[in-house]
Amino acid sequence: MVTPLGLEDIQIRDPFLLTVPEEGVHYLFGSTDADPWRPPATGFDCYRSADLRVWEGPLPAFRPPVGFWSDRNFWAPEVHRHRDRFYMFASFKADGVPRGTQVLVADRAEGPYQPWSDGPVTPSGWECLDGTLHVDDDGHPWIVYCHEWVQVVDGEVVAQRLADDLREAQGEPVVLFRASEAPWVRPVQHRQLPPGAQGYVTDGPFLHRLATGTLVMLWSSMGESGYAMGLARSEGGVLGPWEQLPDPVWARDGGHGMIARTLQGDLVITLHQPNRTPEERAVIRRLAETPDGLRLLTD
C-alpha cells in the first residue's frame, strides 16, 4: 500500500512543478538526494499529486547510466514539455570538471529520463547551473542559466540560443544582468573567492510572460534576511534590457522558485524553504499578476 505524503514529508530543494492536464496530475521535481552537496549522487526523484496536498512517491525520474560523466551535485531538475516529449534541464558536476546544465529526455513526464545532449549545453570551462528553457515569441528555444559567482565573483544570468531539438547550444552566450544590479541583493564571502573579495550570488532563473506581454524573471540570491528571491522584467524579450524590481518577492530564508498553473488554471509559485539541508521543503503559494509583476496571495 502506498503511503500518502504531504509536502512536509518530502525533503526537496529547487522544486519544479509540472502540470499534465491529460493525466489529471501535477509532478514535483527537485534536488532530492539526502545530501545534495557531497558525492556520490543518486539521481532525481519526482512526486505525483492531483490536488497539490496529497503526494505519491518517490518515483525514480533519473538514475545515471553506466559511464555517466558526473557523480555529484545533481541539482535543480526542470521538466519542460516541448514538441510532445519531456525535457529535463539539470545541473551536474564531477571532480575537476566544471558544473554545467545538461538536457535529458523522456516520453513520459515521470521518466525515466536519459541523456539527450552530449554533456552540458552550457559553455565548456564555465561554472554554470540552473538552466531553464524559454521559448520566445518566434518559437526559438533559449537556455537561460547562471554563470556562477564562485567563478566570476558577481554572478551573472546568461541567455543562449538552443537548437530546435534542444540538443546543443547555438551562438554566443549573452549576459542579461549581474546580481549586484538588484537593490535587494547583499554580498557574501566564500573561501573560493579571492582574499577580501565579496561575491554576489545568482541562482534559479525562471521566465514567465504576463498577460500584458511583459516578460518577468524570478531569480534568487542572498538578501537582508538570508536566501531570497527577486523579480526582474523586460519589455524587449529574453535579451532585455532587464529591470530589477527593488524589493524581493520572497525575502526570508527561501527561494529558487518557479511559476506554474494548476489543473484548475490558478497561478502558483513553488520554492524551497528553509535553505538548509536536510530541512528544506517545497512551498506552494497562489500568485496574482499585477501591472508591475507578481503578487503573493494569502490563502
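Contact is taken here to mean heavy atoms within 4.5 Å, and the description that follows concerns a predicted model.

The secondary structure of the chain consists of 1 helix and 20 strands. The radius of gyration is 18 Å, close to the 19 Å that the globule rule gives for 299 residues, so the chain is as compact as a globular protein of that length. Taken along the principal axes, the box filled by the C-alpha atoms spans roughly 55 × 45 × 40 Å. Among the contacts in the chain with a separation of 6 or more, 48% are accounted for by residues 24 or more positions apart.

With regard to burial and surface, 57% of the 299 residues in the chain are buried, while the accessible surface of the chain amounts to about 13,000 Å², with 48% of that area belonging to carbon and sulfur atoms. The chain carries 26 positive and 42 negative charges, and the mean positions of these two sets are 3 Å apart.

The largest nonpolar core comprises 52 residues, and those with the most contacts inside it are Phe29, Trp55, Met88 and Tyr113. Apart from this core lies another, of 22 residues, which includes Leu129, Val157, Phe177 and Met217.

Two glutamate residues in loops were examined individually. Glu110 is located in the loop that runs between strand E7 (97-106) and strand E8 (114-115). The relative accessibility of Glu110 is 16%, and because buried means under 20% relative accessible area, Glu110 counts as buried. When neighbours within four places in sequence are left aside, the contacts of Glu110 are with Tyr27, Cys46, Arg48, Leu59, Pro60 and Ala61. The C-alpha atom of Glu110 is, in addition, separated by 8.4 Å from that of Tyr47, a residue 63 residues apart from Glu110 along the chain.

Glu148, in turn, occupies the loop between strand E10 (141-147) and helix H1 (149-152). With a relative accessible area of 6%, Glu148 is likewise buried, and, leaving aside neighbours within four places in sequence, the residues in contact with Glu148 are Arg99, Glu127, Cys128 and Leu129. Of these contact partners, Leu129 is also listed among the residues of the 22-residue core, so that the surroundings of Glu148 include a member of that core, given that contact denotes heavy atoms within 4.5 Å.

Note on methods
Residues are numbered from 1 along each chain as its sequence is written. This is a predicted model: local features need pLDDT of at least 70, side-chain atom pairs count only at pLDDT 80 or more; totals for chains, interfaces and linings use all residues. Side-chain values use heavy atoms; hydrogens and water are left out. Helices (H or I, at least four residues) and strands (E, at least two) are DSSP runs, numbered from the N terminus. The radius of gyration is taken over C-alpha atoms; the globule rule is 2.2 Å times the number of residues to the power 0.38. Buried means under 20% relative accessible area, exposed over 50%, partly exposed in between (1.4 Å probe, protein chains only). Accessible areas come from the Shrake-Rupley method with a 1.4 Å probe; for residues, only the protein chains shown count as cover. Lys and Arg count as positive and Asp and Glu as negative; His and the chain ends are not counted. The place of a charge is taken as NZ of Lys, CZ of Arg, CG of Asp or CD of Glu. A nonpolar core is a set of buried Ala, Val, Leu, Ile, Met, Phe, Trp, Tyr and Cys residues joined through side-chain atoms within 4.5 Å.
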